[in-house]
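Here is a briefing on charged side chains and their pairing. Look over the sequence and the structure first.

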Amino acid sequence: MAKAFKYGLKGITGFLEPAERDLLRSLIDDVVSMLQPEDRAGQDPLAALIGLDMDVAEPTDRAVKRLLPNVVKDDGAASLEFRQLTERSLRETKIGALRAAALDLDKDEIVLTPEGARHWSMALNDVRLVLAERLDIRDEADAEHVHRMQDWSQAEDVESYLALVYNFTTWLQESLVQAMLQSLESRR
């Protein structure tokens, strides 16, 4: 059974069983595949190198849109312009954090540097955003409904299984954030 992240003499540590690591690795792989930018034939190599993508469009998948939301509410043109200038870099940053977290899943005990903790925090947040979108969590009542699902033996369908996975990643992220805060406090 997983042990929460905690801050101690070795830094931020956590423990995951092999099945838990496999689950997280699979979730991370899914999110990475969702974030992979399209390779476009004929794309200007210099523009691609500096992260510009003038052919980008607002994502149609709600989960991807949650990962890469419009930044200007009610102004599609301004959001599109911002997306053209930043989305490719944002995707690459998110993918980098997800892959860095996945590399730590090769061992039962996870020992994180401050940079590793930041990558894990970003990765768990993105996994949770995708799960929340798939579970159609829109408000506090939806979240409360999902949080009531705590027993793996009660998982009867895809939704209840996803709810348990969402609750697991939420617990893991909360413990990581608490450990990161303790780490910051110890440096003061």
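Searching the whole structure turns up 17 salt bridges. The model is predicted. Side chains of opposite charge can pair when their charged atoms come close. The points below cover a selection of these pairs, one network and one exposed glutamate.

**The K65–E58 pair**
- K65 and E58 form a salt bridge, with their closest N and O atoms 2.2 Å apart.
- K65 has a relative accessibility of 31%, so K65 counts as partly exposed.
- E58 is also classed as partly exposed, because its relative accessibility is 36%.

**E133 and its arginine partners**
- E133 meets R62 in a salt bridge, at 2.6 Å from N to O.
- This pair links distant parts of the chain: E133 belongs to helix α5 (residues 114-134), R62 to helix α3 (residues 62-67), and their positions lie 71 residues apart in the numbering.
- E133 also forms a salt bridge with R66, where the closest N and O atoms are 3.1 Å apart.
- R66 sits in helix α3 and E133 in helix α5, so this pair ties together parts that are 67 residues apart in sequence.

**Burial around E133**
- E133 has a relative accessible area of 6%. The cut-off for buried is under 20%, so E133 is buried.
- R62 counts as partly exposed, at 45% relative accessibility.
- R66 is partly exposed too, with a relative accessible area of 30%.
- The salt bridge between E133 and R62 therefore joins a buried glutamate to a partly exposed arginine.

**The network**
- Which residues are linked in a network of salt bridges? They are R62, R66, E133, D136 and R138.
- The network includes both arginines described above, R62 and R66, together with E133.

**E38, an exposed glutamate**
- E38 is placed in the loop between α1 (18-35) and α2 (45-49).
- Is E38 buried or exposed? Its relative accessibility is 54%, so E38 counts as exposed. The cut-off for exposed is over 50%.
- E38 and G116 are 78 residues apart along the chain, and 27 Å separates their C-alpha atoms.

Conventions
Residues numbered from 1 in each chain as written. Predicted model: local features only at pLDDT ≥ 70, side-chain atom pairs only at ≥ 80, totals over all residues. Heavy atoms only, no water. Helix = DSSP H or I, 4+ residues; strand = E, 2+ residues; numbered from the N terminus. Buried < 20%, exposed > 50% of the residue type's maximum accessible area, 1.4 Å probe, protein only. Salt bridge = Lys/Arg side-chain N within 4 Å of Asp/Glu carboxyl O.
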